[in-house]
Amino acid sequence: MRKQFTIDLVAAARPNFMKIAPLWHALAKRPWARARVIHTGQHYDYAMSQVFFEELGLPTPYANLGVGSGSHGQQTGRVLEAFEAHLVKERPDLVVVVGDVNATPAAALAAVKLHIPTAHLEAGLRSFERTMPEEINRLVTDTICDHLWTPSEDADMNLASEGIPMARVTRVGNIMIDTLLMLLPRIQKEDILEKLGLWGKGYAVVTLHRPSNVDSQESLKLLCELLLKASQKIPLVFPLHPRTRARLLEFGFMDVLAKKDAIRLLEPQPYCAFMRLVSGARIVVTDSGGVQEETSYLGTPCLTLRDNTERPITLSLGTNRLVRRETLLSELDSALDAQRSKRTIPLWDGKTAARVVQQIETVFSLS
Ligand code: UD1
């Protein structure tokens, strides 16, 4: 019988699950592949983890490293140690890490030091902002991985300018869009707008969780004031990330938001319900990475409350605009006046997982 190759797909936090799901499904159809999901346990709440496994049709993780919450050093160190132990015992033929969370460089480091071929899916993105923890994670991961699978031309150019040999780089496209397309029929059937009484009404979706926005009292206070003013222009729906919820409570800002009728604070939403909210929104205000892409695909105008983005294609070809706190309200006015338009972006076609599988076949000399 032909050899089966074991491929470990490492996922840690909410956005990672959407990145491994299409690849897991594509590999499940290949007789030569045995894909295993390794959950590091960084996100562990039902609403931040398990619900996505259910919606995305992912299997129960083969292993859960149980690293939980903690400082950057703690999370990175715990993954390094626990994943190394897993690798020594279970020796896969390939490790795939995704995105830019703390587990991404940690798992890659454990694997490459054991000389296990290691690939980074969503390689090459750069915000050029080194105070952003994810930027350090991206730089470290791309420096050490054997295979760098990028979503876009800008990512290839970033890697080239860092002196990374192009033989390691392949542009495969945007894997998040595979997930979006895979679940679009279910997303369209979601009844969250009816449940929230939003159907046929104009509303904006807000998501904020970056430490640079929510971790300091001064910054979060300013953002809350802006949201209160924004809610006079359009009702806001604001699913709260656990980090944001904790900071709102700690700094005593929760009540003032919760009391406002035009602001709906929600629990973290499952993927399909959240995408339904985004697709029906007049506008999205966010500091997330993935949401910049999802809004661009769905044609929803997006105002990103950051000074930079590692996803510049969403600015040039998508619906995204970077906004500062001082300009948020005026940008909101212009975006509310603008027409919606759907965009076409190269390799956002739902076929990224298939292209990644081709790359894996090349790694194993199967093609
Ligand atoms: C992490 C990623 C970030 C990603 C985000 C998506 C890093 C450096 N950051 O940030 O890139 O955009 O996930 O959500 O890896 N918590 C819970 N339940 C959970 C998980 C977390 O309550 O299931 C709380 C904990 O109090 C924790 C806090 O949320 O301290 C922050 O979680 P953490 O995983 O450290 O970082 P995120 O802000 O989620």
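A polar contact is taken here as a pair of N or O atoms within 3.5 Å. In the predicted model, Tyr44 offers one such pair to the ligand, with a backbone N or O atom lying 2.9 Å from a ligand oxygen atom. A polar backbone atom of Asn102 is likewise placed 2.9 Å from an oxygen atom of the ligand. The side chain of Arg243 also takes part, with an N or O atom 2.6 Å from a ligand oxygen atom. On its own the ligand has 750 Å² of accessible area, and the protein covers 85% of that area. Two elements, α3 (72-90) and α11 (242-251), each give two or more residues to the shell around the ligand.

The ligand is surrounded by 18 residues. The closest of these are His43, Asp45, Glu134, His209 and Arg243. Arg243 is thus listed among the closest residues and also supplies the side-chain atom at 2.6 Å from a ligand oxygen atom. Sorted by class, the shell holds 8 polar, 6 nonpolar and 4 charged residues.

Helix α11 also takes part in a helix-helix contact. The axes of α10 (residues 217-230) and α11 are 11 Å apart, and the two helices pack at an angle of about 95°. Because the angle falls between 65 and 115 degrees, α10 is roughly perpendicular to α11. On the α10 side the contact is made by Gln217, Leu220 and Cys224, which meet Arg247, Leu248 and Phe251 of α11. The contact between α10 and α11 comprises 4 nonpolar residues, 1 polar residue and 1 charged residue.

A further helix pair is formed by α1 (residues 14-28) and α7 (residues 175-189), which pack at an angle of about 75° with axes 8 Å apart. This angle makes α1 roughly perpendicular to α7. Helix α1 contributes Pro15, Met18, Lys19, Pro22 and His25 to the contact, while α7 contributes Ile175, Met176, Asp178, Thr179 and Met182. By class, 6 residues of the contact between α1 and α7 are nonpolar, 2 are polar and 2 are charged.

Methods: Residues are numbered from 1 along each chain as its sequence is written. This is a predicted model: local features need pLDDT of at least 70, side-chain atom pairs count only at pLDDT 80 or more; totals for chains, interfaces and linings use all residues. Side-chain values use heavy atoms; hydrogens and water are left out. A residue is near a molecule or strand if one of its heavy atoms lies within 4 Å of it. A polar contact is a pair of N or O atoms within 3.5 Å; within protein, one must be able to donate a hydrogen and the other to accept it, and residues adjacent in sequence count only if both atoms are side-chain atoms. Accessible areas come from the Shrake-Rupley method with a 1.4 Å probe; for residues, only the protein chains shown count as cover. Helices (H or I, at least four residues) and strands (E, at least two) are DSSP runs, numbered from the N terminus. Ala, Val, Leu, Ile, Met, Phe, Trp, Tyr, Cys and Pro count as nonpolar, Asp, Glu, Lys and Arg as charged, and the others, Gly among them, as polar. Axes are lines fitted to C-alpha atoms, for helices over the stretch in contact, and angles run from 0 to 180 degrees between N-to-C directions. Angles under 35 degrees count as roughly parallel, over 145 as roughly antiparallel, 65 to 115 as roughly perpendicular and the rest as oblique. Contact means heavy atoms within 4.5 Å.
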